[in-house]
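Please look over the sequence and the model before reading on. The paragraphs below are meant to be read with both in view.

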Amino acid sequence: MAEELKLLGAWASPFSLRIELALKLKGIKYQYIEEDLSNKSPLLLKSNPVHKKIPVLIHNGKPIAESLVILEYIDETWKNNPLLPENPYDRAIARFWAKFVDEKILQIAVKFRLAKEKEKEQIIQELGEQLQFLEKELEGKEFFGGESIGYVDVVAYFIVNWLQVQQEVRQIVFISEEKFPVLCKWMGKLHEIDVVNGCLPPKDKHYAYMRAQIEAAKSAIK
Amino acid sequence: MAEEVILLDFWSSPFGMRVRIALAEKGVKYEYREEDLRNKSPLLLQMNPVHKKIPVLIHNGKPICESLIAVQYVDEVWKDKSPLLPSDPYLRAQARFWADFIDKKIYDIGRKIWTTKGDEQEAAKKEFIEALKLLEGELGNKPYFGGESMGYVDVALIPFYSWFYAYETCGNFSIEPECPVLIAWAKRCLQKESVSKSLPDPQKVYEFVLVLKKKFGIE
């Protein structure tokens, strides 16, 4: 039977982008469907009735939601270029750091967007403390996955990229080379790999989108 | 080499209970260590420096943190007995999805029920019942979320049953009339020794909640 694979995504979403990278790393063909999040398609609402969010992977008509769940499904279904290690302990560690990135790093970054001016300094410090854990975990390794790109790299790349873009748009330092040499070197390495950097949104479009989001958040706080 | 398995835990933690149940299902001998969360042990701080939280499973000196990650680890290491996750990748994805749903919804909304009052509490109660009803839908006619035997989602959810009495009493509502199928499932799970020995007495949980409410100045 011909495989039918659809990905419902959003071009600027780090959660959606990580799925695209995983599929591309494994050389899997899929149909990408861009969702307008202000006007969600019947297919999205039917495929993810519980959360109504992207990304959703639809494999031969069967939907899978939640990006980390989707990544594990992809890894188990297409076993070439494995993302997760084989050893159960190393798998547990990989799962731990993926969860850490999504829960700690992202949560704090989002908090920053909604924060009042006077709270921002404190939040940047908090972010720095959490990023230190990630920096330490990566020390002595090429990638989080070891010698090759793995699960945590795929999860973290777009989140850290999001921070870097925010940095440039806002002209605030979240992740300096001075404090985070290992993480910055890792990002640099990933930025050089075509299959990886090819997943990033077009720079100008991304920056404009971030600026618009920041403006919208500012008016919401007033 | 002799296996050394230690679980750093706290008696009323639903997250800790998940790991207890998984270990019991697999027949793994382990040492249970109760942590005083107001005075965390050096071992806990050393084994979980990032979050400093329980549960932490320590297998031959190596720590595994985060309850669902520990449950998956137990399932993968002691794979010859009572598999918790199914073998089919799509069914595994569904199980992981619902466990994630439980993580996102049940604990936080349940907490709102006993830490708030008035409109906020009413909204939390409503949201809680809605979440349980969605889970009931997923359970359907099956005896367990895992099918004929307990699985990953059952292990993820059943610990919260020990907190239902506390939620109901603090929130002045009853869950069974709204979710009879789910309560029947919970009682079915409690028939299993792995569950009944891992869950605390709901009355004790309620008394603990009252102590917490007093401590945090919640009426």
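What follows goes through the annotated spans, then the sheets, then some local backbone features, and last the interface. The model is a predicted one.

A starting point is how the record divides each chain. For chain A, UniProt lists "domain: GST N-terminal", from an unreviewed entry, at residues 3-82. In the model, residues 3-82 of chain A are 36% helix and 21% strand. The C-alpha atoms at the two ends of that span of chain A are 20 Å apart. Chain B carries the annotation "domain: GST N-terminal" (unreviewed entry) over residues 3-82. Here the span is 36% helix and 21% strand, with its end C-alpha atoms 19 Å apart.

The second annotation covers a later part of each chain. UniProt gives "domain: GST C-terminal" (unreviewed entry) as residues 87-210 of chain A, and as residues 88-208 in chain B. What share of residues 87-210 of chain A is helix, and what share is strand? The model has 73% helix and 0% strand over this span, and its end C-alpha atoms are 39 Å apart. In chain B, residues 88-208 are 73% helix and 0% strand. The end C-alpha atoms of this span of chain B are 41 Å apart.

The strands can now be taken chain by chain. Chain A has an open sheet of four strands in the order β2-β1-β3-β4, and the pairing is mixed. β2 (31-34) and β4 of chain A are at the edges with a single partner strand each, so each has one side without a neighbour in the sheet. On average, neighbouring strands of this sheet are turned by 20 degrees against each other, direction ignored. Within the sheet, β3 (residues 56-59) of chain A pairs with β4(A) in the antiparallel sense, over four bridges. In one of these pairs of residues, A:His59 has A:Lys62 in β4(A) as its bridge partner. A helix accompanies the sheet: α1 (residues 14-25) of chain A lies across β1 (5-9), β2 and β3 of chain A. The helix runs at about 155 degrees to β1(A).

In chain B, the open sheet has four strands in the order β2-β1-β3-β4, with mixed pairing. Which strands of chain B stand at the edges? They are β2 (31-34) and β4 (62-65), and because each has a single partner strand, one side of each is left without a neighbour in the sheet. The twist from one strand to the next averages 20 degrees. Strand β1 (residues 5-9) of chain B is joined to β3 (residues 56-59) of chain B by four bridges, in the antiparallel sense. B:Leu8 has B:Val56 in β3(B) as its bridge partner. Helix α1 (residues 14-25) of chain B lies across β1, β2 and β3 of chain B, at about 155 degrees to β1(B).

Some backbone features lie in the loops beside these strands. In the loop between α2 (42-47) and β3 of chain A is A:Pro55. The peptide bond from A:Ile54 to A:Pro55 is cis, with omega near 0 degrees. In chain B, B:Pro55 is in the loop between α2 (42-47) and β3, and the peptide bond leading to B:Pro55 from B:Ile54 is cis, with omega near -5 degrees. Further along chain A, A:Asn60 is in the loop between β3 and β4. A:Asn60 is not a glycine, although its phi is positive, at about 50 degrees.

The last topic is where the chains meet. How many residues of chain A are in contact with chain B? There are 25, and they touch 26 residues of chain B. The size of an interface is often given as the accessible area lost when the parts come together. Between chain A and chain B, the buried area is about 2300 Å², and carbon and sulfur atoms give 67% of this. Seven salt bridges are found across the interface of chain A and chain B. Between the side chains of A:Glu76 and B:Arg96 there is a salt bridge, at 3.0 Å from N to O. Eleven residue pairs are in polar contact across the interface of chain A and chain B, with both residues at pLDDT 80 or more. On the side of chain A that touches chain B, β4 (62-65), α3 (67-77) and α4 (88-113) of chain A each supply at least two residues. The most comes from α4(A), which gives eleven residues to that side.

Conventions
Residues numbered from 1 in each chain as written. Chains lettered and ligands numbered in written order. Predicted model: local features only at pLDDT ≥ 70, side-chain atom pairs only at ≥ 80, totals over all residues. Heavy atoms only, no water. Pairing = 2+ DSSP bridges. Axes fitted to C-alpha atoms, helices over the stretch in contact; angles between N-to-C directions. Contact = heavy atoms within 4.5 Å. UniProt positions renumbered as here; feature names shortened; annotations may be inferred. Buried area = accessible area lost by both parts, 1.4 Å probe. Salt bridge = Lys/Arg side-chain N within 4 Å of Asp/Glu carboxyl O. Polar contact = N/O pair within 3.5 Å; in protein donor to acceptor, adjacent residues only side chain to side chain.
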